[in-house]
Structure formats: C-alpha cells, structure tokens
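Grab a pencil and work through a few exercises on the structure below. Each one sets a task and then walks through the solution.

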Number of protein chains: 2
Amino acid sequence: MKIKKDYLLAPGPTPVPPQVASAGAWPLIHHRTPQFRAIIKEVADGLKYLFQTKEPVYFMSASGTGMMEAAVANLMSPGETMIVAEGGKFGERWSEIGKAFGCNVVITKVEYGKAITPKQIEETLQKNPKARAVFTQLSETSTGCVYDVEAIGKVVSKTDALFVVDGISGLGAEPCYPDKWNIDCLLTGSQKGVMLPPGLGFITVSTKGWKKVEEAKCPRFYFDLRAYKKSLEQDDAPWTPAISLLFQLHEALKLIKSETMEGMWSRHAWLAEATRAGMKGLNLELFAERPGNILTSVKTPSGLDGEKIVQIMRDDLGVSIAGGQGSMKGNVLRIAHLGYMDRFDITTALSALEFALKRQGHAVKLGSSVAAAEEILWKDPK
Amino acid sequence: MKIKKDYLLAPGPTPVPPQVASAGAWPLIHHRTPQFRAIIKEVADGLKYLFQTKEPVYFMSASGTGMMEAAVANLMSPGETMIVAEGGKFGERWSEIGKAFGCNVVITKVEYGKAITPKQIEETLQKNPKARAVFTQLSETSTGCVYDVEAIGKVVSKTDALFVVDGISGLGAEPCYPDKWNIDCLLTGSQKGVMLPPGLGFITVSTKGWKKVEEAKCPRFYFDLRAYKKSLEQDDAPWTPAISLLFQLHEALKLIKSETMEGMWSRHAWLAEATRAGMKGLNLELFAERPGNILTSVKTPSGLDGEKIVQIMRDDLGVSIAGGQGSMKGNVLRIAHLGYMDRFDITTALSALEFALKRQGHAVKLGSSVAAAEEILWKDPK
C-alpha cells in the first residue's frame, strides 16, 4: 500500500514542532526539586509574555474546558448572575458550566457565524445591573468568528462586572492585550496556538478579578486558583504537574519568544489572508462574519455533504480539517492555520480541498485556490 | 565536569519505559476520528484489565488529585457525611476536598506510619450510621503504609455507605480487586505504577456507586462522570483528551498486559522484599507498620537530617528518592520500587543511600545493604 503522509489542519490539536515533540519523550525528573523549579520559573515568565500581561499566569493539568470551569468556579458564587455571549458551541459551554455551578445564566445570543457586538453586551448589562461577570470567547472555534474583545472590554469596564475571555483557540494567533483591554480573566489550552499536545491549560486573573476569587463561593479544590497562586510564588505547583508537557511548554515558549508575539500574529494574519483568497478562488462562501487568523470556515457547496469532504480529505488524502459541530454539521468546513504553520501547509490544505471537491463531482478548476493563495504566499508576511 | 546519570526512585513520577517515552513525541492525530477512537477502545479494554474490573474505567486529563475531586464531586452531596481514614498527607487531602465541597467530614485518624484498621472503620460507621461513603487509600504514599483494603471493604459492604479507594500509588504494585473487594470507586494517576508521565487520571465506579452519581448534588462539570460515561460508550472523550499521553498509555498497557497483573505484583513484592532486606543490612528502622510493594520508608538515623540525605543522593549522586512530607520532613526517607523497575534499580538506590550516609559521617559498612538485597535479587521473583 502507498505510504500516506498525514497533515493536521484542524483547529486543535495543531501540529507540534519537532523540537517540542521530542521533549515529550525526555526522561522525567522529580517535580519537587530545585532542578524542576528552575523550569517552572522560566515557564512562568514565558507564559506572561505569551499572555501579554504583567499578572502571573497559572498552568494546570487539564484541557481548555477545565480552564473554563476554573474561571467560573473561582469568579462566581451560586445564584449570582453571569452574562454569556453565545455565538457557537463554546459560548454554549460557558452556559453549561454556569448552570452546573448554580449560577443565574443570562444568555445573549447571536446566530452561528455572526459576531457578538459590544452594543449587545452593553444592553444586556443594562438589563442585568447585578451581573457579576461577562463570559465570552476571543474566537468562537466552532464558527471561526473572532469577537471584538477590545471593544467589549471597554463596555464591561464601565460596570462592576468582570470580563472573562476564553482565548482557547485565539491566543497566539490574534492580538490580545488583557491588561490594556480590561480583561479580568483570560485562559487558553495547550493544543492550539501554543503548539503543544493537549493536556495543559493556562489562566490569568486581573487584580479586580482576584478580589472576587477570594470571596467566590463556588466549591472548588483541584481548580482553586488560591492554591496555584501560593505554589507559583515558590516556583511550584500544588498537585503533581504534567512534567513531560511542561518540558514541551518550556521548548515551545523559546520558539514563541524567538518569533515574538507580533511575529506570530502577522504570520497568522498572512496565512489566514491566503486561505481566504484560496476559498474565493474556489468560489466558496465564507461562513464567519468576522473571520480571524485562527481558522477559515466556509459553507459546504450546496448538494455536497461536508462530513464526506472532511472524510475524503482525512482518510484518502491524509489532510485533517474540521467539519461543523452540532447543527452546523455537514454545512461547514473549517481549515485551521493555527500554531506551527507555514505557507506550504496552506497550499497543501487547499490542494486537498480541491481534490476532495472534485472527487465528489463538484466542478473544480484544479489549481484555482492554490493560485489565488500563492498571490499572498510568494511574499513574506508583513 | 563529570557526566552524571540520573535515576528516579521517588514514589511518582516514576521512570517511563523507553518505548512509552518515545510515544510522547509521536505526531498528533485529531481525536474526533475513527483512527483515534480505535485507540480509545483498546485503551479502555486495557484499563479494565489494569483495574481488574468488569466496569468501565474513565480517563481524564488531570493529576491524581483531580481524580480524588472527581470521586467526591460525583458521589457526595453537600451536607452529607463522609468518613475519611486519615493516616497521612493523602488521607488529609480527602478531608480537604470534602470540606471544599461542603460535606460533613468525619475523620478517623491513625498516627503517621500506622495502618487504619477495619475495626476503626467499623466503629466510625456505627457512630455515623448516615455516612454516605468511606474514603481511604490503598497505599498512603506519604508514609509507605498499605491498608488492608479487602478487610475494610467487607466492613463497609455491610452498610449502605460507598467505599472509595485512592489507588494512586498502589495500583499496579499491590493486588487490588475492586469487584470482589466491595470497592465502589477506585482511582489512580498515570505517574506511578502505570509507568507514564503525570497528567492523566483513571477512575471506575461500581453499579452501587453509579446510583449515587446520578443523584449526587455536588456541582461538577469538567469531572462529571456522566459526561465521560456517555462519551466512552462511543469510544470518545467529552473534552479534548491529552492525545500524546494517551499514545503513551496505549504503549504502557501493552507492557502491562504482557507482564500480567500477577507478574507485576510479584515483581514489586520481590523488589520491596530486597529493599527491606537492604535497610535491615544498614540497621535502618522501617517507618511503616504495614510496608507495601510500592515504597520502603525508613526513619532517618538519629543525628542526621533526612532532607540533606535526599539532597546528596539527588544532587551529588543522581539518585532521586523522597524525604518526609509535613511533620515527617527530615525524619523519613522513602525509596520507591514502583513502576518500571528491575533488580539493579534497587542495588543502585541502596548503594547511593550507603554513600550519602557515609558522606554525612554515619557509620556505614559499605556494601552491607547491597549484599543483603542481593540475597533476594540473585533469583527471579516468585
């Protein structure tokens, strides 16, 4: 049988750079040692740079959903009102967590693919003056829509409410300045822009947020930020940390520092622009109202099944992209350009998409999307 | 500077076999694919074998403490009574988690190093007839004491209470039969007998336990066993799983199956017997009343600082063992023989201990502990 090479272009997990991957196989060292504390110290510095914040950033052994629970459990008390911006599956997850913890969840909704507006948040805050926090995404991974978090932050900062942003798919690809943008809690996972395998989560809280952490009444232990704070002050972790993933994080943060955050953002913007150009070359319609640097979502051409396209690309051509989730299933294709990605990942993804569409009988002019993308990719990012 | 080889003989993290380590560097594949579901299916079978249970075993991205929280949050409601057997730091952790979740924690205590008796549990259950569950350890890692979980299970099974066992350091090294021994919830972490890096936890619940999971009122989302059950029935995980650690688990379970559980237990018993013989050869006094197959704890010889011994062994000789935790700090030395360990790991640890004691001015006859251990180790395990 013919050798098949595999390419990962889904919005998480994303490809891991070889020097980061190999650190996952390093011999373990014990975590309660000066040797490991030196690594934690450097990782903590690197995470502050990644998050562009002066506040400490905590790492936990958990997926991104664990970080979302950490945000709710540490910032809310049962019965308190939380406003959730729901524009996709991950907005909905905020609501589910809030309900599980007995919060009064007020949902402000937009259609899948559309962006939550600052105006919408402002009106919801006015109707719910006792709301303790507003929960949103930087990028709603399920639709590919990026929210104007800076503008929403301005609106929230005029109230007593806290502003909580799930940056799980966005951080590293989209500019985000929590300290300047009035974000009180920002979190992400490891398997997206940070270029690691899944299994680690990261979270930071503003001074305003910390006051609430001390008072919040939701029960919590594993995700209790107070335990992480006390430990990190001694370059330590409260529970046995995921040592091999931390070795990998240590390596990934070196790469991030060397490219710089500005460099990462402009590389992602360039890859996104090329992908959108490629989609235009194929006459595919963008799905997201505010498409971002993370992934490009398009509507499946009518008469075709998006799930089948994803399957052909993955099983026959070796290129993993994502389809739609929930009610978007079959109707949306999502190609990520997130993390350890360069120009030929985009041409590969677009070629594979052309092939899958053609194999399904769709009228495709071979090379049309690649040629359109190449108009962007032959030069370096700005 | 002289090359220094490092040896990990602490009770977690434990050494990772090379074929398991290298799987930590494998290219990631997407988790929502038939390819990854095939791995989950095999891992789920392997975990049932590891746990010696017919019930499904769930894997989560978290440390062992996360699994302890999962047990409390899924099996208790706020205000309900839980009995905790406290014989060390990890017994105390059960109490802390119970308190964080608003349970009425009834503590039955024994001195550090002693074993909780079935009689003690029986009396505490009689005094607290409304107790919903009894929480204990299979092995209290902080003291090296193994509890008679089979006998305790018999006592608990005469009541309506559930029996919850933290097998974090014990599973794989000590025989444990949850189905036969009336254990309603058994859990462990990845970095002990399972021979993986830390970052994964495993948990199983009996039919009796599941009735309580459905009714329990503690808030939970990330650790909600109902979500894991629903997913695992489709060879899936509810949140993005720690893919690289699951690749490693897949490899480790192959090794475990090949050695068999009976083989693992007898190897650990053999290594433990040799280590105890070595300690006797050095005239060191065992600390634990019921020393197990996991680790051997001894009292630091009078006049010496245990922390200093640990430091010399680690920093000067390259051999990581553990000292005492909390009030045991400085007074206890703990050498683990857990996970990926063979005879020469024991002779190495004992040599290093001889050297560190001698370097601290203790009267040591060089070779005395190694010779004593060799009397056990020259033959194969029974």
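## Exercise 1: a small sheet in chain A

In chain A, three strands make up an open sheet, ordered E11-E14-E13, with antiparallel pairing. Before we go on, some housekeeping: this is a predicted model, where local features need pLDDT of at least 70 and side-chain atom pairs count only at pLDDT 80 or more, while totals for chains, interfaces and linings use all residues. Residues are numbered from 1 along each chain as its sequence is written, and chains are lettered from A and ligands numbered from 1 in the order in which they are written.

**Task.** Work out which strands stand at the edges of this sheet, and what packs on it.

**Solution.**

Step 1. The edges belong to strand E11 (295-299) and strand E13 (322-323) of chain A; each has a single partner strand, so one side of each has no neighbour in the sheet. Helices (H or I, at least four residues) and strands (E, at least two) are DSSP runs, numbered from the N terminus, and two strands pair if DSSP finds at least two bridges between them.

Step 2. Now look at one pairing: E11(A) and strand E14 (residues 332-336) of chain A run antiparallel and are joined by five bridges. To find the register, take Ser297(A), whose bridge partner in E14(A) is Arg334(A).

Step 3. Helix H10 (residues 261-281) of chain A packs on the sheet, where it touches E11 and E14 of chain A, and its direction makes about 15° with that of E11(A). Here axes are lines fitted to C-alpha atoms, for helices over the stretch in contact, and angles run from 0 to 180 degrees between N-to-C directions. Contact requires that the C-beta atoms of two residues, placed from the backbone, lie within 7 Å.

## Exercise 2: the chain A and chain B contact

**Task.** Describe the side of chain A that touches chain B, then find how the two copies are related.

**Solution.**

Step 1. Chain A puts 45 residues into the contact and chain B 46 residues. On chain A's side, the elements giving two or more residues are helix H1 (18-23), helix H3 (64-75), helix H4 (89-100) and helix H9 (243-259). H3(A) gives the most, with four residues.

Step 2. Sort that side of chain A by type and you get 24 nonpolar, 16 polar and five charged residues. The sorting rule: Ala, Val, Leu, Ile, Met, Phe, Trp, Tyr, Cys and Pro are nonpolar, Asp, Glu, Lys and Arg are charged, and the others, Gly among them, are polar.

Step 3. Superpose chain A on chain B: it takes a rotation of 180° with 0.0 Å of shift along its axis, at an RMSD of 0.0 Å. The fit is by least squares on the C-alpha atoms of residues with pLDDT of at least 70 in both copies. What you have there is the relation of a two-fold axis. Both copies use the same surface, as 100% of the contact residues of chain A recur in chain B.

## Exercise 3: what is buried in chain B

**Task.** Find which residues of helix H8 (residues 225-232) of chain B are buried, and what they pack against.

**Solution.**

Step 1. Pick out Leu225(B), Tyr228(B) and Leu232(B) as the buried residues of H8(B). Buried means 20 or more other C-beta atoms within 10 Å of the residue's own, exposed means 12 or fewer, and partly exposed is in between, with C-beta atoms placed from the backbone.

Step 2. They sit on the same side of H8(B), because they cover an arc of only 60° around the axis. That arc is taken over the directions from the helix axis to the C-beta atoms.

Step 3. Their packing partners are helix H2 (34-51), strand E2 (57-61), helix H3 (64-75), strand E10 (200-205) and helix H7 (207-215) of chain B.

Step 4. Follow E2(B): Val57(B), Phe59(B) and Ser61(B) on one side and Tyr58(B) and Met60(B) on the other are all buried, which leaves both faces covered. Five bridges link E2(B) to E10(B) in antiparallel fashion, and Phe59(B) has Phe202(B) as its bridge partner in E10(B).

## Exercise 4: backbone oddities in chain A

**Task.** Find which peptide bond leading into Pro13(A) is cis, and where Asp235(A) is found.

**Solution.**

Step 1. Most residues other than glycine have a negative phi, and most peptide bonds are trans.

Step 2. The bond from Gly12(A) to Pro13(A) is cis, with omega near 0°. Pro13(A) lies in the loop between strand E1 (7-8) and H1 of chain A.

Step 3. Asp235(A), not a glycine, has a positive phi near 55°. Its place is the loop between helix H8 (225-232) and H9 of chain A, and Asp235(A) counts as partly exposed because it has 16 C-beta neighbours inside 10 Å.
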